[in-house]
Amino acid sequence: TWQMLAIYMVLAASLSEQQALKQACPSCDASQLCSCSSMGLEFIPPGLTAKITVLNLAHNRIKHIQSQDLQQAVNLKTLLLQSNEISSIDEDSFQSLERLELLDLSNNSLAHLSPVWFGHLFSLQHLHLQGNSYRDLGQSSPFASLRNLSSLHLGNPQFSVIRQGNFEGIEFLHKLWIDGSNLSQYEQGSLKSIKQINHMIINLRNSNIFSEIVMDLVHSVAWLEVAEIKLPVEKKSLVQNSTGPFRIQKLTFKEALFTDQSISRTIVSLKEITSLKELQAINCVLEGKGRWNTKEIARSRQSFVETITIVKVVIQNFHLFFNLEGMESQINKLKRLTIASSNVFMVPCNLARHFSSLLYLDFHDNLLVNKRLDETICERSWPSLQTLNLSQNSLKSLELTVEYISRLPKLNNLDISLNNFGEIPDECEWPKHLKYLNLSSTQIPKVTGCIPKTLEVLDVSGNNLKEFGLQLPSLKELYLTRNQLKMLPGAAPIPNLVSLSIRRNKLNSFSKEEFEGAQVGAVHLSLMECHRSLVVSLICVLVFLVILLLVAVGYKYHVVWYLRMTWAWLQAKRKPKRAPPKDVCYDAFVSYSENDSEWVENTMVRELEQACPPFRLCLHKRDFVPGKWIVDNIIDSIEKSRKTLFVLSEHFVQSEWCKYELDFSHFRLFDENNDAAILILLEPIQSKAIPKRFCKLRKIMNTKTYLEWPAGEQQQQVFWENLKGALKS
C-alpha cells in the first residue's frame, strides 16, 4: 500500500509540475520547442521534460538558476537566457545538459564566470556571455572542457583584464567576439593558445595593447576585425621576431580614427605581415590632409595586399586632401579597390597610371563629375581594369563619360547607373570588349545606336523607355523593368537572348509574331500582367469579404450603436446642458422597460402624481411630441426634467430597453456628470448583467444607493416616502 501511495505522490507531483509549466508557458505543452520569452518570468518554470530540445527564456526577469531547474531537460540543444537579470547560477545547474549545443547568457548580471558551469557541456558549440558585469575571466580558463566550441562571444563595458591561460582548452574557433572597449590589461600570449580562429572581432579603444594582441594573432586568425580604436603611431614591429607562415589574410577597421602619422606607420607595419591580402576601413575617420610619410613607406618592403575596401570614410577637409604623390610604388600590385560613399571627387592622373595590376574598381556613391572624370580616367590610366562601378555619382553627360571610359582597353563590365544623364547620343565608341553595361535609372529617354553591339548583359531599367528595337546579336540577358513599354521587344534582333525581365511596364497583350525567332528563356511578368481578370476578381472578392467582416465585427461590438450615440452626443453638445429654471416642466423623466410599464404607469405614476403636492412625471408614451425626431424628444425631456428615474429590472437590461430612444437619455445624463439619477430596483439585479457598452450605468450602480421595491406593504410605504424625498432633493 505504501508503495502505491509513493507512486501516486510522484505522479501527482509530476502532473502538478506539468500543469505549472503549461500555465507559465503554454507553448511548452506537447512541443519540442518551448518559447517563453518576454513573459515576465522570475524563475525557470518547473516541469521541463526530456522531450524539449529548444528552450527560449529570453527577455524575462530571472535572477537565479537553481540545480533542479534544468535537471530533466536532458535532450536540450538550445538554451536562450539572454536579457534577464541572472546574477547567480548553481554550480551543477547545467550538469545534465550534455547535448546542449547553444547557450546564450548574454546581457545579464553575472559578476564572475565559473568553469564548473561548463564542465559537462561536452557538445556545446556556441556560447554567448557578452553584456554581463564580470571584469575578467578568472585566474584560469572557464572554457577548458569545451572541446567542440565553435563560436564564443564575451566581454562588456566593465571587462578590463585578459590573462594568460584564460583560453586554455580551446584549439579552434570559427568566430571569437570580444567587447574590450575598456580593456586596459592584456598579458602577452593570452590568445596564442587558440591555434586557429577564422574570424575574430574585438572592440578596442586602448591603442597601447593593439600591437600585443596582433602579435598573438598573426599565426592563428584568418580575419581580424578591430572596432572603435584610435590607431596608435606604432613604432615597434607587429610581428617582432616571429617567423612565418602567418595566417592573417584580412584586416578590418570599423569606426576607427586615423591620423596622417598613424596611417603612415600602420602601412609600414602591416607590410611585415606577408600573408595579409585584404584591408577594409568602414565608417572610419581620417584626421589629416594626406601628409603621409611617403618616403618611409616607399623605403619599406613591398606590400602583399591585393584588395582594399574603403566605405563611408570621413575626411573632414577632403577638398584639401593631398594627391598622395610618392605612393605610386605601393599600388602597382593592387587588384581590387573599392572607395564608396567617401566624397571622392577625383584621382590624380599620375597616381591612376600606377594601378597597373588593378582589375576591379568601385567608386559608387561619390562626387565624381564629368570634368574630373577626364583627370581620373586619363590616357594610359588603369591599364588592366576589367570592372568599373561609377554608379550614384554626379555624372551628367553620357557622351563625355563614354569618351573617357573608352580609354580603358580591357574593360568588360561597366556600371554607370543612378547618374542623371538625361540624353543619349546616337553613336558612341566604347571599349571593344565591353560585355556588361548597367544604364538603369539614368533618365535616358530612349535607346540608340550608342548601346554597344558587343554586349551580353544590358540593364536599362527605370528609364521611362517606350520602345526597345535595338539589334544586339550577342545579348543574353536584358533588363527592362520599370519602363513604359507597351509591347515586347522583337525576337529577331536579339536571337541569343535567354533571360528577359520586363516587369512593371504597360504591356497589355502579346502577339504571335513577337515570339517568332529564337525562344526567350525566361520572361518575368507580374501576376497582374499575366492574370489581370483573375487578379481583379480576387480583389473584388477580398473587398467583399473585408466589408462582410467589418459588418460582422460592427454588429458584434455594437459599432453602429456607438456611432449613432456619438453623433447624438455631438449634436447635444451644441445645446445648453440644462434648460433655464423657467423652462423646467417636470420633476422627473422616467426611463423604463416596456415589460415593466404596468407597474410604472399603474402603480408609480398614480402614487406620485396623486400625491400632495403632486409630482410631474415625463413618460415617453404620454409626453413625447408626436412627429418630432426621437433624439430631440429625449433631449428636450431630459433638459426639462429635474431628475431622471431609472426603473431597473431583468427586463430593463435584457430586452428592448437598449433601443435608441432610451439610450440617449443615459448618454446625455452621465456625460454631464451630475447627481440627478435615481435608481429604482424592481427586482434584484447584478451589475454584471448590464451590457458592457453601458459602462457609465454600470459605474453608477456601483456608486449610488438603490431604492429597492419591497414585497411587504408596510415597507412599500417607506419606499414611497424615500422616493418622494429623493425627488424633492
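In the predicted model, Asn 166 touches a run of residues that comprises Leu 137, Gly 138, Gln 139, Ser 140, Ser 141, Pro 142 and Phe 143, when residues up to four places away in sequence are not counted. Asn 166 itself is found in the loop between β9 (161-162) and β10 (172-180). Despite this loop position, Asn 166 has a relative accessible area of 0% and is therefore buried, the cut-off for that class being under 20%. One of the residues touched, Gly 138, also places its backbone oxygen 3.1 Å from a polar atom of the Asn 166 side chain.

A second buried position is provided by His 128, which lies in strand β7 (residues 126-128). The relative accessibility of His 128 is 16%, and this residue counts as buried because the limit is set at under 20%. Beyond residues up to four places away in sequence, His 128 touches Leu 103, Asp 104, Leu 105, Ser 106 and His 153. His 128 and Ser 151, which are 23 residues apart in sequence, have C-alpha atoms 8.2 Å apart in space.

Strand β13 (residues 221-227) is mostly covered, with six of its seven residues buried, and it pairs with two further strands. With strand β12 (residues 196-204), β13 pairs in the parallel sense over six bridges, and within this pairing Trp 223 of β13 is the bridge partner of His 199. The elements β12, helix α2 (residues 210-217) and β13 together make a right-handed β-α-β unit. Strand β14 (residues 250-254) also pairs with β13 in the parallel sense, here over five bridges, and Glu 225 has Thr 252 of β14 as its bridge partner.

A further group of three strands forms an open sheet in the order β15-β17-β19, with parallel pairing. The edge strands of this sheet are β15 (257-259) and β19 (314-315), each of which pairs on one side only. Between β15 and strand β17 (residues 285-287) the parallel pairing extends over three bridges, and Phe 258 stands opposite Leu 286 of β17. Helix α3 (residues 260-270) packs on the sheet, where it touches both β15 and β17, and the direction of the helix makes about 90° with that of β15.

Helix α3 is largely enclosed by the rest of the structure, because nine of its eleven residues are buried. The buried residues of α3 are Asp 260, Ser 262, Ile 263, Ser 264, Arg 265, Thr 266, Val 268, Ser 269 and Leu 270. The cover over these residues includes β14, β15, β16 (278-282), β17 and α4 (294-299). Strand β14 thus appears both in the cover of α3 and as a parallel partner of β13.

Over the protein as a whole, there are 17 helices and 33 strands, and buried residues make up 47% of the 729 residues. Among contacts between residues at least 6 apart in sequence, 60% join residues at least 24 apart. An unreviewed UniProt entry places the feature "transmembrane region" at residues 534-555. In the model, the span 534-555 is 100% helix and 0% strand, and its end C-alpha atoms lie 31 Å apart.

Note on methods:
Residues are numbered from 1 along each chain as its sequence is written. This is a predicted model: local features need pLDDT of at least 70, side-chain atom pairs count only at pLDDT 80 or more; totals for chains, interfaces and linings use all residues. Side-chain values use heavy atoms; hydrogens and water are left out. Helices (H or I, at least four residues) and strands (E, at least two) are DSSP runs, numbered from the N terminus. Buried means under 20% relative accessible area, exposed over 50%, partly exposed in between (1.4 Å probe, protein chains only). A polar contact is a pair of N or O atoms within 3.5 Å; within protein, one must be able to donate a hydrogen and the other to accept it, and residues adjacent in sequence count only if both atoms are side-chain atoms. Contact means heavy atoms within 4.5 Å. Two strands pair if DSSP finds at least two bridges between them. A crossover is right-handed if, with the strands pointing away from the viewer, the path from the first strand over the helix to the second runs clockwise. Axes are lines fitted to C-alpha atoms, for helices over the stretch in contact, and angles run from 0 to 180 degrees between N-to-C directions. UniProt positions are given in the numbering used here, feature names are shortened, and annotations may be inferred rather than shown by experiment.
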